[in-house]
Amino acid sequence: MGEKRVLLAAITGAHGVKGLVKLKSFTERPEDVGAYGPLCDEAGAVYRLLVKGRAKGSLIAQIEGLGDRDAAAALAGTRLYVERDVLPRPEDEEEFYHVDLIGLAVEDIQGHPIGEVAAVEDYGAGPVLEVRRENDRPVLLPFTRAVVPVVDLAGGRLVVSPPEEVDATSDGKPPS
């Protein structure tokens, strides 16, 4: 698989005796997980899904070529990805795929480099950028318009104005 892939679902276990699997979907509309075409696991194996329904908070899907419970159960924990370029462009100019933000250079509003986006997390209060700096001490910044006024995907950078309590330009060492 390419460098830019997006996690769309994870197989959580078997459902029934005929090889159906339970899926946790990470798509906006969970039922759409099968609409993106074949998915691949981390090793590159291809899975063609047909979503059959829902049961107890999971999607139920048939994987082409899978016909028994043991084979379905053996796939528990498998993560299913799609190449980034298969996904549609976000309709809203203020929506971004996490994978498009990871790796972007981060600089302050004066143009001084801070680091690069290592991860995008959401712990329930909104997205947070993990910015890795040269000293390997990450800084966490809320992904809001006030803190990140510029997202320049074409230029490969984010411009940030960190809150006062976050010293994103410090090397993390106490002053001498």
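**Exercise 1. Val150**

Is Val150 buried, partly exposed or exposed? Classify the residue and place it in the fold.

Solution.
- The model is predicted.
- Start with the element: Val150 belongs to strand 12, residues 150-152.
- Next, take the accessibility, which is 31% in relative terms.
- Buried needs a value under 20%, and exposed needs one over 50%.
- Val150 therefore counts as partly exposed.
- Finally, look across the fold: 43 residues separate Val150 from Glu107 along the chain, and their C-alpha atoms are 10.0 Å apart.

**Exercise 2. The largest pocket**

Find the volume of the largest pocket, then describe its lining.

Solution.
- The volume is about 950 Å³.
- The lining has 25 residues, and those closest to the pocket centre are Val6, Phe26, Leu87, Phe96 and Tyr97.
- Two elements give two or more residues each: strand 1 (5-15) and helix 2 (98-101).
- Strand 1 gives the most, with four residues.
- Sort the lining by class: 12 residues are nonpolar, two are polar and 11 are charged.

**Exercise 3. The second largest pocket**

Which residues line the second largest pocket? Give its volume and the classes of its lining as well.

Solution.
- The volume is about 170 Å³.
- Read the lining in chain order: Arg84, Arg89, Pro90, Asp92, Glu93, Glu95, Phe96, Asp100 and Leu153.
- Split these by class: three are nonpolar, none is polar and six are charged.
- Now check one lining residue, Arg84, which sits in the loop between strand 7 (79-83) and helix 2.
- Its relative accessibility is 16%, so Arg84 counts as buried.
- Its partner is Asp100: a polar contact of 3.0 Å joins the two side chains.
- Both Arg84 and Asp100 appear in the lining of this pocket.

**Exercise 4. An unusual backbone angle**

What is notable about the phi of Lys56? Locate the residue and judge its exposure.

Solution.
- Recall the background: most residues other than glycine have a negative phi.
- Lys56 is not a glycine, yet its phi is positive, at about 50°.
- Locate the residue: Lys56 lies in the loop between strand 5 (49-55) and strand 6 (58-63).
- Check accessibility: the relative value is 88%, so Lys56 is exposed.
- Add a distance: the C-alpha atoms of Lys56 and Lys22 are 9.7 Å apart, with the two positions 34 residues apart along the chain.

**Exercise 5. Two buried residues with backbone partners**

Work out which backbone atoms the side chains of Arg133 and Asp108 reach.

Solution for Arg133.
- Arg133 is in the loop between strand 10 (127-132) and strand 11 (139-142).
- With a relative accessible area of 10%, Arg133 is buried.
- A polar atom of the Arg133 side chain lies 2.8 Å from the backbone oxygen of Arg137.

Solution for Asp108.
- Asp108 is in strand 8, residues 105-108.
- Its relative accessible area is 8%, so Asp108 is buried.
- The Asp108 side chain has a polar atom 3.0 Å from the backbone nitrogen of Gln110.
- The side chain of Asp108 also reaches the backbone nitrogen of His112, at 2.8 Å.
- For scale along the chain, take Ala118: this residue is 10 positions from Asp108, and the C-alpha atoms are separated by 17 Å.

**Exercise 6. Strand 1 and the aromatic rings**

Where does Arg5 lie relative to the ring of Tyr81? Then characterise Leu7 and count the aromatic pairs.

Solution.
- Arg5 lies over the face of Tyr81, 3.9 Å from the ring centre.
- Leu7 is in strand 1.
- The relative accessible area of Leu7 is 26%, so this residue is partly exposed.
- Leu7 and Thr27 are 20 residues apart along the chain, and 8.9 Å separates their C-alpha atoms.
- Close with the pair count: the structure holds one aromatic pair.

Terms used. Residues numbered from 1 in each chain as written. Predicted model: local features only at pLDDT ≥ 70, side-chain atom pairs only at ≥ 80, totals over all residues. Heavy atoms only, no water. 1 Å grid on protein atoms, 1.4 Å probe; cavity = no way out; pocket = protein on both sides within 12 Å on 5 of 7 lines; lining within 4 Å. Points joined across faces, edges and corners; volume = space filled by probe spheres on them. Nonpolar A, V, L, I, M, F, W, Y, C, P; charged D, E, K, R; others polar. Buried < 20%, exposed > 50% of the residue type's maximum accessible area, 1.4 Å probe, protein only. Polar contact = N/O pair within 3.5 Å; in protein donor to acceptor, adjacent residues only side chain to side chain. Phe/Tyr/Trp six-rings, centres within 6.5 Å; stacked < 30°, edge-to-face > 60°. Lys NZ or Arg CZ within 6 Å of the ring centre and 35° of its normal.
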